[in-house]
Amino acid sequence: MSRPMWEMADVIARFGEPLRQSGHVGAWQKKTLTDLGQCRTALLGGHVDACTGCGQLRVSYNSCRNRNCPKCQSLEREAWILGREADLLPVVYYHVVFTIPSELNGLCLRNPRFMYGTLFDSAWATLQKFAADPKWLGAQTGATMVLHTWGQNLSLHPHVHCIVPGGGLDAQGCWQKSRAGGDRFLYPVKAMWRVYRAIFMKKLCAALELGELVLPESEPEFYDPKAYRAWKNARYAQPWVVYAKRPFGGPKQVIEYLGRYTHKTAISNHRLLEVTDTAVRFSYKDYRSEGKRKEMALDGVEFLRRFTMHFPPKGFRRMRHCGILSNAQKGKALAACRQSLAPNEVAVLKKTRQELRAAALVKLLDGRPTNWCACCKTPTMVRIGVVPPQSLPFICRARAPPGPMPHWQPATDWTH
C-alpha cells in the first residue's frame, strides 16, 4: 500500500494547539496527541543504516508506539496475530457484537472507564449465562473481546466485538460442541439482548443511584427523580442491539478478522483526503446506504476533538480474553480442549515477544530480511549510527529516503 498523502500528524500540527487551548481535552489526551505528532520524527531519535554494497543510506526515526497512533499498529498487529495462532482450536468460531444505546453517550464521555468496563462485563456475563444453560451448551466457554468506540464518521458508538468458539469444556473436562449447527447463530439474538440489557442496566442504575458517576449537565433527566424514572423505564423498554454474524469458515478467517479489528484506530491515514488551514476532509462508509463510500468535511478542531473522544482511559485494556481463553486458564484449558478434540495433533509452540515481533517484521517486508537494501536488492544494510532524541538534524551525504523528511539535511559528514 502506498504512503498516504496526509497523516494524523499533519492534522495535529495544524489544529493541536487550538484544541489544547479550547479546554475540551484532558492531560492524558494532550500527551497522546504529543506522541502522535512526534511519531517517526527526529524528536524521538532513530538510527542510520548503510549498504556495504552500493553505499545507500537509510534514516529511520523511532515510532511513538502509542496504541492510538495509525502508523504504529501494523507491526504490533502482525505480532499479536502470530501469537494467537497457538491459541486457535480446530472448531467453528462465531462473531457477536454488543452495543449500547446512543442515549448513554453522555455518560460514556464523562465516565469512560466505568461505562466501557461495564460493557465488557455485561457482554461476557451474557455469553457465560447462555453457555452455562444445557439447552444451548452446558459448558464453560471463552471469548476474545475488542472494544471499539467509534463510527465511520468519528461519532461516539461504543461496542464490543466478541470472537467465541462454538463450544466449551464441560464439568468432566471434555469438549462440548455447541447446539448451533450449520450456519446458524451461536445463541438466539432476541434472548441475548434482553439478558444483556438487564445486566447492563442493573449495574448502571446502581452506580447512578449511589452517586458514583459524573452526570452530564446537558441532560436534565438525571437531576429530577421523576424524569430519571421515566428515563430508566425508557431504557428498559427499548431494544438493545446485539448483532450476531454467521460462523467463520475456519481458523484462517478468524485470524484475518482479528487482524482487521484488534489494533484498529478510530481513523487510518489512508482515509484522510485533504487537510487545509481550516478543515479536514475524509472518506467513510455509510452503512445505512449499504456501505457506500462517501466523503465528509469537518472543521479541523472539531475533527481532532472527535478523534480524541476515542482515546481509551490510561491503562484501560481495550482487548480482553475471558473464560477458557483468559491468561489465567488457557494453559490448562486449551490443552484439555485439544486432548478432547484432536489427541494426536501436535500443539503449536509459543514464541517469545521478541520472536513474534521479528517474524511479524519479516512478514510485513514480504519475506525480505530487515537488512534488505532497496537500491541493490541485497541484504547488505548495516547499522552505522544513532540519532539521539531531540538532537540537531542528523546530517549525512546521501539522498533522503522517499517521502517527506523535514529533519534530514544533506552535508559532508556524519553528526552523532
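1. A quick word on terms before we start: two strands count as paired if DSSP finds at least two bridges between them. With that in hand, look at strand S10 and strand S11 (residues 292–299): eight bridges join them, and the two run antiparallel. Please keep in mind throughout that this is a predicted model.

2. Staying with S10 and S11, you can pick out one bridge by eye: Val280 has Leu298 in S11 as its bridge partner. The two strands make a hairpin with five residues between them. In that turn, have a look at Glu290, which has a positive phi of about 60°.

3. Now step back along the chain to strand S9 (residues 272–275), which pairs with strand S10 (residues 279–286) in the antiparallel sense over three bridges. Here Glu274 stands opposite Arg281 in S10. S9 and S10 form a hairpin too, with three residues between them. So much for this part; a general reminder for anyone looking at strands is that side chains in a regular strand alternate between the two faces of the sheet.

4. There is also an open sheet of three strands, in the order S2-S1-S13, with antiparallel pairing. Which strands sit at its edges? They are strand S2 (57–61) and strand S13 (381–387), each of which pairs on one side only. On average, neighbouring strands of this sheet are turned by 25° against each other, ignoring direction.

5. Within that sheet, strand S1 (residues 46–51) pairs with S2 in the antiparallel sense, over five bridges. If you want a landmark, find Asp49, which stands opposite Arg58 in S2.

6. On to the helices. Helix H3 (residues 73–84) packs with helix H8 (residues 251–261) at an angle of about 150°, and their axes are 10 Å apart. Angles over 145 degrees count as roughly antiparallel, and H3 and H8 are therefore roughly antiparallel to each other. The crossing of H3 past H8 is right-handed.

7. Who makes that contact? From H3 it is Arg77, Trp80, Ile81 and Arg84, and from H8 it is Ile255, Leu258 and Gly259. Sorted by class, the contact of H3 with H8 has four nonpolar residues, one polar and two charged.

8. A second helix pair is worth a look: helix H6 (residues 189–209) and helix H7 (residues 225–237) pack at an angle of about 165°, with axes 10 Å apart. That makes H6 roughly antiparallel to H7. H6 passes H7 in a right-handed crossing.

9. The H6 side of this contact consists of Arg197, Ala198, Met201, Lys202, Leu204, Cys205, Leu208 and Glu209, while H7 brings in Tyr228, Trp231, Lys232, Arg235, Tyr236 and Ala237. By class, the contact of H6 with H7 has nine nonpolar residues, no polar ones and five charged.

10. Last, a single residue to zoom in on: Leu119, in helix H5 (residues 112–132). Is Leu119 buried or exposed? The cut-off for buried is under 20% relative accessible area; Leu119 has 0% relative accessibility, so Leu119 counts as buried.

11. What is Leu119 in contact with, leaving aside its neighbours within four places in sequence? The list is Phe98, Ile100, Leu147, Pro158, His159, Val160, Tyr196 and Phe200. As for Thr99, this residue is 20 residues from Leu119 in sequence and 8.0 Å from Leu119 in space, C-alpha to C-alpha.

Terms used:
Residues are numbered from 1 along each chain as its sequence is written. This is a predicted model: local features need pLDDT of at least 70, side-chain atom pairs count only at pLDDT 80 or more; totals for chains, interfaces and linings use all residues. Side-chain values use heavy atoms; hydrogens and water are left out. Axes are lines fitted to C-alpha atoms, for helices over the stretch in contact, and angles run from 0 to 180 degrees between N-to-C directions. Helices (H or I, at least four residues) and strands (E, at least two) are DSSP runs, numbered from the N terminus. Angles under 35 degrees count as roughly parallel, over 145 as roughly antiparallel, 65 to 115 as roughly perpendicular and the rest as oblique. A crossing is left-handed if the near helix is turned anticlockwise from the far one by less than a right angle, and right-handed if clockwise. Contact means heavy atoms within 4.5 Å. Ala, Val, Leu, Ile, Met, Phe, Trp, Tyr, Cys and Pro count as nonpolar, Asp, Glu, Lys and Arg as charged, and the others, Gly among them, as polar. Buried means under 20% relative accessible area, exposed over 50%, partly exposed in between (1.4 Å probe, protein chains only).
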